[in-house]
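The following exercises are to be worked through with the sequence and the 3D structure at hand. Each task is followed by a solution in steps.

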Amino acid sequence: MGAPYRFGTIVALAAASAIAALAVASASVAARDPIRFVGGSPAARAQVARALAASDYDWNTLHGRVTVHIGHFDSRATPGHVWLDENLLRSGRFAWGVILHEYAHQVDFLLLDDKDRRTFAEKLGGAAWCPSRQALPHDAYTCERFASTFA
């Protein structure tokens, strides 16, 4: 009985974070185009746009423009940048989970502070927030757990 409650708590925290992010976003941020594409076919770019549009989250709340790099490399994210594999994007809706996961890292990078991260770490677990000097399995990083839950 504890597992559903814990999952519900995590979802509630992710929803609260999204609501808080919406509350602090300025009107000028929502008025501009939040994505800049580098590379990628029109179809790949459209797949990114479809995934973001399918989400309930308003990605316009992110502070600053996110540059989406599309090419032939592993999908990943750094502050203000998302890299997505063109071959993955050709898979259609199958790619949406990865797109939203990498974009969820932008919520972490651009909107969360250390207090927020501590709160999520208490609920989500993990050995460290994001890759550091420690070499840990991907799912041991709390930032990855946050991105997957948020997505």
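**Exercise 1: Contacts of Tyr103 and the nonpolar core**

In this predicted model, Tyr103 is in contact with Ile35, Leu52, Trp59, Leu62, Val66, Val68 and Val82, when its neighbours within four places in sequence are left aside.

Task: Determine which residues have the most contacts inside the largest nonpolar core, and which helix supplies its largest share.

Solution:
1. The largest nonpolar core comprises 34 residues, and Trp59, Ile99 and Tyr103 have the most contacts inside it.
2. At least two residues of this core come from each of α3, β2, β4, α4 (86-89), α5 (96-111), α6 (114-124) and α7 (142-150).
3. Helix α5 contributes seven residues, the largest share of the core.

**Exercise 2: The surroundings of β4**

Task: Establish how strands β2 and β3 run relative to β4, and explain why β4 is described as largely enclosed.

Solution:
1. Strand β2 (residues 66-71) runs parallel to β4, joined to it by five bridges; here Thr67 stands opposite His81.
2. Strand β3 (residues 76-78) is antiparallel to β4, with three bridges; here Thr78 stands opposite His81.
3. Two residues lie between β3 and β4 in their hairpin, and Gly80 in the turn has a positive phi of about 85 degrees.
4. Buried means under 20% relative accessible area. Four of the five residues of β4 (residues 81-85) are buried, so the strand is largely enclosed by the rest of the structure.

**Exercise 3: Ala49**

Task: Decide whether Ala49 is buried, partly exposed or exposed.

Solution:
1. Ala49 belongs to helix α3 (residues 42-54).
2. Its relative accessibility is 38%, so Ala49 counts as partly exposed.
3. Ala49 and Ile99 are 50 residues apart in sequence, with 9.6 Å from C-alpha to C-alpha.

Key. Residues are numbered from 1 along each chain as its sequence is written. This is a predicted model: local features need pLDDT of at least 70, side-chain atom pairs count only at pLDDT 80 or more; totals for chains, interfaces and linings use all residues. Side-chain values use heavy atoms; hydrogens and water are left out. Buried means under 20% relative accessible area, exposed over 50%, partly exposed in between (1.4 Å probe, protein chains only). Two strands pair if DSSP finds at least two bridges between them. A nonpolar core is a set of buried Ala, Val, Leu, Ile, Met, Phe, Trp, Tyr and Cys residues joined through side-chain atoms within 4.5 Å. Contact means heavy atoms within 4.5 Å.
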